[in-house]
Protein chains: 2
Amino acid sequence: MTGNMLVAQGGGPSMVINQSLVGAVLAAKASTKIIEIFGALHGIQGILDEAFIDLRAEPEEVLLRVAQTPSSALGSVRRKPTPDDCRAIFSILAKRNIRYFFYIGGNDSAETTNIIADEAERKGYDLRCFHIPKTIDNDLLCNDHTPGYGSAARFVACAIRGDDLDNRALGGVKIDVIMGRNAGFLTAASALARQDPDDGPHLIYVPERPFSVERFIADVAECMNKFKRCVVAVSEGIRGEDGRAIAESFSHEIDAHGNVQLTSGALGENLAAIVRERLHIKRVRADTFGFIQRCFVGITSEVDSNEARLVGSVAVQAAVGGKYKSGTVTMTRLPGASYQIDYSIAPLSAVAKHTRELPSCYINSEGNHVTGLFLDYVRPIVGTLPITARFNQLRGRS
Amino acid sequence: MTGNMLVAQGGGPSMVINQSLVGAVLAAKASTKIIEIFGALHGIQGILDEAFIDLRAEPEEVLLRVAQTPSSALGSVRRKPTPDDCRAIFSILAKRNIRYFFYIGGNDSAETTNIIADEAERKGYDLRCFHIPKTIDNDLLCNDHTPGYGSAARFVACAIRGDDLDNRALGGVKIDVIMGRNAGFLTAASALARQDPDDGPHLIYVPERPFSVERFIADVAECMNKFKRCVVAVSEGIRGEDGRAIAESFSHEIDAHGNVQLTSGALGENLAAIVRERLHIKRVRADTFGFIQRCFVGITSEVDSNEARLVGSVAVQAAVGGKYKSGTVTMTRLPGASYQIDYSIAPLSAVAKHTRELPSCYINSEGNHVTGLFLDYVRPIVGTLPITARFNQLRGRS
């Protein structure tokens, strides 16, 4: 089938989401089945507003520079299409003879893609409809990992490595709050910062294990006893025994998908205040890494960039190949000593709606750190960190 | 004079303070006048505790790796020596035959060095006593800029560049709180993020201009009107008309030099709440960059690294040269088209105690951004930022 193509980006930006966009555009340019290549601005909203740009008109060198640029170059949106939206979308698709649709994003974007694919089916409108995976949370089902995660994880690992060195210099307790509403993958990646056994992060708390303040205080006290300092990586999404996010009580922002905004600094500040008060430690500091985890310029993971580019082109190749009418690109790690990823196509429903959590085998039995298995999992995705070193005479001394 | 050397690090760490340390050690190894090279752990505290390591014993490749490592490899401290401390220090200096003393840090560390130099003079103890400049705040007097600033400024510029791209994708108002208690140099460096006229940061607030909430709200409203989004860089040290830091009311931590801890997330959250309420803008976010501004691994400014190395060796060369008994290394930018720095020695009293502010010529007349003169000043210190780009069709469109 020959026709025009539309591509859009949804959800939170990542450092490599434009690699996927450019991967899709370059693959489309290489196909004889795709005529026009439209980019919709701000996801679904841009389709509804018919706010399109002509991606064929962008020079190759601009495409390649945009690919290296963090955040969503077409703009993003957090909006799920209503039945009314769907009607409007199809009138625009038909008018523009769009036969290939690609939506780059997380599970919310996969759900949107699925709604459009279902509607096309129902209407008998011939449309190839594909989701291209992206999420720094790394919480898509059916994927070993997701483009965007490796670079955000690299930011977190570099930040914690530096912060641990900072904490060595001045001592006390440092609490760092890391993104990840429901999945602890990004927080867990902080463990890559550790080189020597006494390096931080000394404690890691993820949403997959109920967070107990009593247990946390005991953990910090034990660490202070052992190392005379303590660096803690904690997910913004940690929950109490009742399953409620501990940060929720400090924040009131809710996005269009019904998710509460957890990025405020209140969680870290409150945990710091508890440590200060309960353990009588003078120097207790908290930082919340915030949005720069997903958009910082200049520390992208090379593997992540390459994979993000590939998933974009794989989606387009699947769409023009004709074997699938719709689907999402999934990444599977092949067994064996060397790191290798297989790209294939799964039904949209397989990744829409539900998300996955950090597997139990990646969390230590105390629920306050990761396992060696997790480090083996995450290392190739993040790549080698910049070299840092300590004086020989200070290693093993706390 | 032949004798042993002692070097220590004070104050807040930076990304390149170990370059200065290693610069000093390498210069000392090259001099026949210096026998032992001791490193005191945690500044003045380590001298009092006689907690020394032997820096001659560290292999060259370890020194070079430590040089590239952020934070203070010897550990740091925030402590001013009392008269009792001074007595204790001199008994240790004499016992170890230390004749060369170097203290790397900001103006508090320069003051400490000055106290020790004065005491040596009074006691008739023959000591070469030098301060090696370091501060991410860039607030030392008699210096064009200070090692540590360029790399922290690079972090800020990269973070704001990414954050501005992120804000383009999802819209609304983003407020980023940047370090700098009294001087706006670091916050001002966020301006390097801007490439196109509609790029952020759209507003920059520094402690050198009284901060008015009314004026801030009007500025944000005007920016939203113009660009439909707004990225604000604000110094943690902004003050009201009464001269009191606005963040102070949200924080209770005070360090040994009597400085209030301003890094809590409260300032950003409170400004965000005001914008949300007053301007009825739905998406308003705040981040506080926190400690990673000064210790992040992997984005050091090359110029800053090189200069930091140099000030360390210049201090040692001045000390062994015999022309000066004490002093601090100052950096002067030579006039002319190409960037060039002259290193010389000034009296310790010239940089101790007092600090400098961002000059008026670097702040625009509205007090909400920087001038082109500032950009000319800061660019060579920070270096070229990583390439980022937008689609041609979206440039100039907001």
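**Exercise 1. Find the salt bridge that B:Asp166 makes with a residue of chain A, and give its length.**

Step 1. Apply the rule: a side-chain nitrogen of Lys or Arg lies within 4 Å of a carboxyl oxygen of Asp or Glu.
Step 2. The partner of B:Asp166 is A:Arg294, with 2.8 Å from N to O.
Step 3. Count across the interface of chain A and chain B: the rule finds two salt bridges.

The model is predicted: local features need pLDDT of at least 70, side-chain atom pairs count only at pLDDT 80 or more, and totals for chains, interfaces and linings use all residues. Residues are numbered from 1 along each chain as its sequence is written, chains are lettered from A and ligands numbered from 1 in the order in which they are written, and side-chain values use heavy atoms, without hydrogens and water.

**Exercise 2. Describe the interface of chain A and chain B.**

Step 1. Count contacts (heavy atoms within 4.5 Å). 70 residues of chain A touch 70 residues of chain B.
Step 2. Take the buried area, the accessible area (1.4 Å probe) that two parts lose on being put together, summed over both. The two chains bury about 5600 Å², 62% of it on carbon and sulfur atoms.
Step 3. Name the top three contributors of chain A. A:Val297, A:Phe391 and A:Gln393 supply 13% of the area that chain A buries against chain B, more than any other three residues.

**Exercise 3. Lay out the open sheet of chain B.**

Step 1. Define the parts. Helices (H or I, at least four residues) and strands (E, at least two) are DSSP runs, numbered from the N terminus. Two strands pair if DSSP finds at least two bridges between them.
Step 2. Write the order of the seven strands: β3-β2-β1-β4-β5-β10-β11, with mixed pairing.
Step 3. Find the edges. β3 (52-54) and β11 (341-346) of chain B each have a single partner strand, so one side of each is left without a neighbour in the sheet.
Step 4. Inspect one pair. Six bridges join β10 (residues 326-333) of chain B to β11(B), and the two run antiparallel. B:Thr332 stands opposite B:Asp342 in β11(B).
Step 5. Add a helix. α11 (residues 302-321) of chain B packs on the sheet, touching strands including β1 (3-9) and β5 (128-133) of chain B.

**Exercise 4. Locate the cis peptide bond at A:Pro201.**

Step 1. The bond joins A:Gly200 and A:Pro201, with omega about 5°.
Step 2. A:Pro201 sits in the loop between α7 (185-188) and β7 (203-205) of chain A.
Step 3. Turn to chain B. The bond from B:Gly200 to B:Pro201 is cis, with omega near 0°.

Methods. Axes are lines fitted to C-alpha atoms, for helices over the stretch in contact, and angles run from 0 to 180 degrees between N-to-C directions.
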